[in-house]
Amino acid sequence: MPSLIAQHLDEVRRRIAAVAAAAGRDPASVQLLAVSKTFPADTLRAAHAAGQQAFGENYVQGALDKIATLQPLRASLEWHFIGPLQSNKTRPVAEQFDWVHSVDRLKIAHRLSEQRPAHLPPLNVCVQVNVSGEASKSGVAPDDVATLARDVAALPRLRLRGLMSIPEPVSGLHAQRAPHRRLRELFDAVNAQGLGLDTLSMGMSADLDAAILEGATIVRVGTAIFGARTYPTH
């Protein structure tokens, strides 16, 4: 398993580098976030041994267990919370994570701000945008992005870094690029107001090429690294 994960990581990194080069971008401008939800700590340990440091988690309790197990590696790990966040789960996320990609309500941002320990650096956050308008998806509506971004940026103990989206899955590079382009346009519009964002978290295993071509700075890849997931029954 460790050698297979190392092989998969190498393949994904090569894919990122090739697409970035095709887009005229420095491959170093695209960070690979390994989406490790549902996978055990030993799997993350193997990925870390292969040079991976940033991991994305969707489920608070499962992530906390892994963070505790991997505590000896903490100084070289970066934990990103990327799933929907309920208000009663914000405290452990504020205390244990380095990034939250899924801020879509001011209430959640306020709680993260209030609960971020003073001895830690500001919590890096992204505003999640529902670019495809799916009723089943989390995320703020595109028309409300600028207002929420300004409000989040004003909160202490948080550092607003950028925008995140999980578009509706579609086939074909041209169709996949459209929602990522929409997020980039929103990013540019918010930055035109002086917020200084630097992060576009978009693209997963199936559509990372389209995301990189449209300017992604973080791609969230799980299946292509770890294989198919078995989801918890709860």
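**Close-up 1. Surroundings of Gln52 in the loop between helix H2 (41-49) and strand E2 (54-57) of the predicted model.** Gln52 counts as buried because its relative accessibility is 4%, where buried means under 20%. A polar atom of the Gln52 side chain lies 2.8 Å from the backbone oxygen of Leu32. Leaving aside neighbours within four places in sequence, the residues in contact with Gln52 are Leu9, Arg13, Leu32, Leu33, Ala34 and Ala47.

**Close-up 2. Lys37 in the loop between strand E1 (31-35) and helix H2.** UniProt, in an unreviewed entry, lists Lys37 for "modified residue: N6-(pyridoxal phosphate)lysine". With a relative accessibility of 13%, Lys37 counts as buried in the model. The record also places the feature "domain: Alanine racemase N-terminal", again from an unreviewed entry, at residues 8-229; over these residues the chain is 40% helix and 18% strand, and the end C-alpha atoms are 15 Å apart.

**Close-up 3. The buried and exposed residues of helix H3 (residues 60-69).** Val60, Ala63, Leu64, Lys66 and Ile67 are buried in this helix. They lie on the same side of H3, because they cover an arc of only 165° around the axis. Gln61 and Ala68, on the other side of H3, are exposed. The buried residues of H3 pack against helix H2, strand E2, strand E3 (78-81) and helix H4.

**Close-up 4. Helix H5 (residues 106-115) and the elements that its buried residues pack against.** In H5 the buried residues are Ile108, Ala109, Leu112, Ser113 and Gln115. Their packing partners include three strands, namely E4 (99-103), E5 (123-129) and E6 (158-165), together with helix H4 (90-96) and helix H6 (145-153).

**Close-up 5. Arg116, a buried residue without a salt bridge.** Arg116 is found in the loop between helix H5 and strand E5. The nearest side chain of opposite charge, that of Asp98, is 4.9 Å away, whereas a salt bridge requires the nitrogen and oxygen to be within 4 Å. The side chain of Arg116 does reach the backbone oxygen of Pro121, at 2.9 Å. Beyond its neighbours within four places in sequence, Arg116 is in contact with Ala94, Phe97, Pro121, Pro122, Leu123 and Arg157.

**Close-up 6. Salt bridges of Arg14 and Arg15 in helix H1 (residues 2-22).** The structure holds 12 salt bridges, and one of them joins Arg14 to Asp10, with the closest N and O atoms 2.8 Å apart. Both residues lie in H1, four residues apart, about one turn of the helix. Arg14 counts as exposed at 59% relative accessibility, while Asp10, at 33%, counts as partly exposed. Arg15 forms a salt bridge with Asp209, the closest N and O atoms being 2.7 Å apart. That pair links distant parts of the chain, as Arg15 is in helix H1 and Asp209 is in helix H8 (residues 208-213), 194 residues apart. Arg15 is partly exposed at 28% relative accessibility, and Asp209 is partly exposed at 24%.

**Close-up 7. The salt bridge between Glu214 and Arg177.** The side chains of these two residues meet at 2.8 Å, N to O. The pair links distant parts of the chain, with Glu214 in the loop between helix H8 and strand E8 (218-221) and Arg177 in helix H7 (residues 173-191), 37 residues apart. Glu214 counts as buried at 2% relative accessibility, whereas Arg177 counts as partly exposed at 25%. Salt bridges that share partners join Arg177, Arg181, Arg184 and Glu214 into one network.

Key. Residues numbered from 1 in each chain as written. Predicted model: local features only at pLDDT ≥ 70, side-chain atom pairs only at ≥ 80, totals over all residues. Heavy atoms only, no water. Helix = DSSP H or I, 4+ residues; strand = E, 2+ residues; numbered from the N terminus. Buried < 20%, exposed > 50% of the residue type's maximum accessible area, 1.4 Å probe, protein only. Polar contact = N/O pair within 3.5 Å; in protein donor to acceptor, adjacent residues only side chain to side chain. Contact = heavy atoms within 4.5 Å. UniProt positions renumbered as here; feature names shortened; annotations may be inferred. Lys, Arg positive; Asp, Glu negative; His and termini not counted. Arc of directions from axis to C-beta.
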